[in-house]
Amino acid sequence: MKKVSALALIICFILSGCSFFSFDDSEDIPTYVPPSASDITEVEPLSCQDALTNEAGSIIATYEAFVPQFSETGERKEAIRRINSYYKAEIRALNQDMQDFFSYVKTLGDSEDAAYVTSDYELLPASPEYVCVMRTYSMYQKGVLSVHPSCQLFLTDTGWRLSFSELFGENEDAALELLKANLKDWCAKNSLPDHVCDDINADTLFNRFGIGENSLYVCLQPFSVAANDPQSYVAELPLAPFSELFN
């Protein structure tokens with residue numbers, strides 16, 4: 001009977017969740033470490049570069065494009081890998097764009113100077129929570145230069161690219177109204193018409209906005225500010241009023 005009673009006592013302890021051993025399980029609970037500047041380290045960018053020559057051997061077009069890559073190490077290496085994968089897909093698209101551009105140049109006939117495309121980027125100083133890449137795509141042909149700015153914003157924690165809607169969530173409408181008001185002020189300060197502000201929405205801001213340490217950037221494409229203005233612009237707006245609306 002004593003053996004049976006002892007066994008019953010052990011089973012009772014087990015079923016009640018009690019343990020005969022004490023241990024510290026704090027190590028099993030992951031500790032969240034906020035992103036820091038050291039999480040993002042640039043490495044050699046990816047590129048595609050080539051030149052097109054005519055039958056006489058003269059260069060009639062050049063193409064030069066670069067996209068960023070980052071070191072896939074540390075706690076956030078999977079997130080960084082996602083960002084790198086995005087730009088690996090971009091460089092493949094730029095390689096195809098280069099072939100299309102060269103085919104187009106061949107249809108232009110003789111020109112006094114060579115056509116070219118350059119596509120470069122700048123990593124904007126930003127809060128460690130975000131990776132913000134400003135890009136500039138420029139095309140020159142037949143004496144005409146067109147410049148197209150764009151911007152991509154990523155979450156350092158996940159590597160996912162953020163849209164305007166995702167950054168502001170339920171505050172999207174308020175953020176859009178605030179952006180339009182600030183953009184109107186920016187247009188006034190730069191002596192530009194402000195009708196472009198009325199047409200801006202979350203869809204038109206896709207690939208066209210970013211945030212730095214103290215600024216929110218809006219990329220305005222050629223002819224978007226005025227029908228007779230082929231120039232592009234990057235509007236730099238104060239970030240502080242928007243920060244309270246982040247999702």
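1. Two strands count as paired if DSSP finds at least two bridges between them. By that criterion β7 and β8 are paired in this predicted model: six bridges join them, and the two strands run antiparallel. One of the contacts in register is Tyr217, whose bridge partner in β8 is Glu236.

2. β7 also pairs with β6, again in the antiparallel sense, over three bridges. Phe209 has Val218 of β7 as its bridge partner. The connection from β6 to β7 is a hairpin of three residues.

3. Is β7 enclosed or open to solvent? Six of its six residues are buried, so the strand is largely enclosed by the rest of the structure. In a regular strand the side chains alternate between the two faces of the sheet. For β7, Ser215, Tyr217 and Cys219 lie on one side and Leu216, Val218 and Leu220 on the other, and both sets are buried.

4. The largest nonpolar core has 36 residues, and those with the most contacts inside it are Leu167, Phe168, Leu179, Trp186, Leu216 and Val218. At least two residues each come from β4 (130–141), β5 (144–155), α3 (164–168), α4, β6 (209–211), β7 (215–220) and β8 (233–238). The largest share, six residues, is supplied by α4. Apart from this core lies another of 25 residues, among them Ile83, Tyr87, Met98 and Ala115. In soluble globular proteins, nonpolar side chains tend to be buried together.

5. Leu216 deserves a separate look. Beyond four places in sequence, Leu216 touches residues that include Phe168, Leu179, Gly210, Ile211, Ala235, Leu237 and Phe242.

6. Asn182 is a polar residue to check in helix α4, which spans residues 172–189. Its relative accessibility is 15%, and because buried means under 20%, Asn182 counts as buried. Outside its neighbours within four places in sequence, Asn182 is in contact with Leu237, Pro238 and Phe242. Leu237, Pro238 and Phe242 are also among the residues that Leu216 touches.

7. On the cysteines: a search of the whole structure finds zero disulfides. Cys132 is in none, and the nearest cysteine sulfur, that of Cys151, is 3.5 Å away. The cut-off for a disulfide is sulfur atoms within 2.5 Å, so this pair does not qualify. Cys132 is buried, with a relative accessible area of 1%. Cys187 is likewise in no disulfide; the sulfur of Cys197, the nearest, is 4.3 Å away. Cys187 counts as buried, at 1% relative accessibility.

8. As for the chain overall, there are five helices and eight strands, in the order α-β-β-α-β-β-β-α-α-β-β-β-α from the N terminus. Of the 247 residues, 37% count as buried. Among contacts with a separation of 6 or more, 59% are between residues 24 or more positions apart. The accessible surface comes to about 14700 Å², and carbon and sulfur atoms account for 54% of that surface.

9. Confidence: the average pLDDT of the chain is 89, and 88% of the residues score at least 70. Over residues 1–23 pLDDT stays under 50, and the model has two contacts beyond four places in sequence for that stretch. Where pLDDT is low, the predicted coordinates should not be read in detail.

Technical notes: Residues numbered from 1 in each chain as written. Predicted model: local features only at pLDDT ≥ 70, side-chain atom pairs only at ≥ 80, totals over all residues. Heavy atoms only, no water. Helix = DSSP H or I, 4+ residues; strand = E, 2+ residues; numbered from the N terminus. Buried < 20%, exposed > 50% of the residue type's maximum accessible area, 1.4 Å probe, protein only. Contact = heavy atoms within 4.5 Å. Core = buried A, V, L, I, M, F, W, Y, C linked by side-chain atoms within 4.5 Å. pLDDT = per-residue confidence, 0-100. Areas by Shrake-Rupley, 256 points an atom, 1.4 Å probe, with all protein chains shown as cover.
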